[in-house]
Each structure stands twice: as structure tokens, then as C-alpha cells.
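Take a look inside this protein. Where do its nonpolar residues gather, and what surrounds its empty space?

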Amino acid sequence: MNYIQQPQAIETKSFEIIGEIVRETRPEYRFASELHEAVIKRVIHTTADFDWLDILWFSEHALDSLCAALRSGCTVYTDTTMALSGINKSLLASFGGECRCYISDPHVVRQAKEHGITRSMAAVDLALEEEGEKVFVFGNAPTALFRLLEKDTPVRGVVGVPVGFVGAEESKEALTTSHLPAIAARGRKGGSNVAAAIVNAMLYHMREA
């Protein structure tokens, strides 16, 4: 059986197919920039879902702000180990940044139990106590996103794409009305894989720029 075996060739072909489908099914659709296109196509590549053409929301200058933060060596905080594992940490490190997830941190576990909150919320509290520039990446926990918004603390940017039925849509809508530079998913769709894909798309674009 003849099939593509090289990982890079598979990815290249996938993006070609995505571009063809968008042109054929949505000829009126226009990407705002090369980076905007790269982010949306990588999310589609990750999910095989073309709804992302319509449901991925960007605040004004969000992509510029997030890329500037990643380029400056910020710390990226994720709400899940899945998002953490999906982000290209070696590429992030090449810009001086690092990625952290505190969901299983003993201090976070204790604080969550003592205060009757989710570990995701306690993880946000711990992250906000640390020094340095921060980007938050949420793919699974709407309570973490709500917590960050409640704290009303300036951060360099937020990727907010929690998936689910309880609080997910509401948390993302709240993010779209905040003052934070942000990328959000409207509706119920999202996930840690989507969150990581968005960050990676920006990192790959920065590497190639």
C-alpha cells in the first residue's frame, strides 16, 4: 500500500487539503493576516473541524500581544498537563520562555481542599503569586478562566478555549468582554489540544518570521 509516511510531509499535505476545502466551501472567507490564517488552520488540522473558521474569536491586537509576550520570554501557565505536553516547549525555550502547570502541585491540592474550590482555581492563584510576565492557556477548566477574570490582574495574554457543558461557554464569553488580550472559542467547543495548537501556531510563525 502506497501512503505518506514522513511526519512533515503528512502535515504539509494536511494543510494543503485544508486550504483547498476552505477555498471550495467558503470562497468568501478572508483571513485577517498570515498569522491569523496559521492559527485557524492549525486548529482545524488538530480537530478536523471547519467550524473553527467561525467560532475562534480574537481581541484587537491579541495575536501581536501574545507573540510579543512569547518572544519576550514569558511563562506560559496551562490548566492541564495535556495542554502542557502539547506545547512545543523546546521552541518556547528558544525564546527564553517556559511552560508550567500546577494542577497537581501539593500546595494547590491543599488549597483547593481547604477553600472548597477546584484545583484549577487554586493553580491560577499560585501562578498569579509568581513574579514575571505571564500568559494563561486554558483548554479544559472554565473555573480557572473565571478565577483569572475575577482576580482582574493584568497578564500578557490569555488563550481561553475550555471545552464542555458547565460554565465553558459562559467563561469564554466573559473573556471576550474583558480588557485582556485574548483568543477565545465561542460556544461549547475547545479542548487542551486546541489550546496547545494555538500556542504552537504562534511559536512556529515566530520561528519562521
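**Around the cavity**

The lining of the largest cavity is made of 8 nonpolar residues, 2 polar ones and 1 charged one. Keep in mind that this is a predicted model.

Which residues form that lining? The aromatic ones are Tyr 77, Tyr 102, Phe 136 and Phe 138. Ala 123, Val 124, Ala 127 and Ala 144 line the cavity too. Thr 78, Asp 79 and Ser 120 complete the list. Asp 79 is the charged member.

Now see where the lining comes from. Helix α8, residues 119-129, gives the most, with 4 residues. Strands β2 (75-78) and β4 (134-138) each supply at least two. The space inside comes to about 80 Å³. How many cavities of 30 Å³ or more are there? The count is 1.

Next, turn to the packed residues. The largest nonpolar core has 45 residues. Val 39, Leu 56, Val 76, Ile 198 and Met 202 have the most contacts inside this core. Which helix gives the most to the core? Helix α11 does, with 11 residues, and it spans residues 192-208.

Pick out Leu 56 and follow its contacts. Leu 56 touches Val 39, Ile 40 and Val 43. It also touches Val 161, Ile 183, Ala 184, Ala 185 and Ile 198. Residues up to four places away in sequence are not counted here. Two of these partners, Val 39 and Ile 198, are also among the residues with the most contacts inside the core.

Apart from the largest core lies another, of 24 residues. Its members include Ala 122, Val 124, Ala 144 and Leu 175. Val 124 and Ala 144 also line the largest cavity.

Note on methods
Residues are numbered from 1 along each chain as its sequence is written. This is a predicted model: local features need pLDDT of at least 70, side-chain atom pairs count only at pLDDT 80 or more; totals for chains, interfaces and linings use all residues. Side-chain values use heavy atoms; hydrogens and water are left out. A nonpolar core is a set of buried Ala, Val, Leu, Ile, Met, Phe, Trp, Tyr and Cys residues joined through side-chain atoms within 4.5 Å. Buried means under 20% relative accessible area, exposed over 50%, partly exposed in between (1.4 Å probe, protein chains only). Contact means heavy atoms within 4.5 Å. On a 1 Å grid over the protein atoms alone, a cavity is a set of points where a 1.4 Å probe fits but cannot get out, and a pocket is an open set with protein on both sides within 12 Å along at least five of seven lines; lining residues have an atom within 4 Å of a point. Grid points are joined across faces, edges and corners, and a volume is the space filled by probe spheres set on the points.
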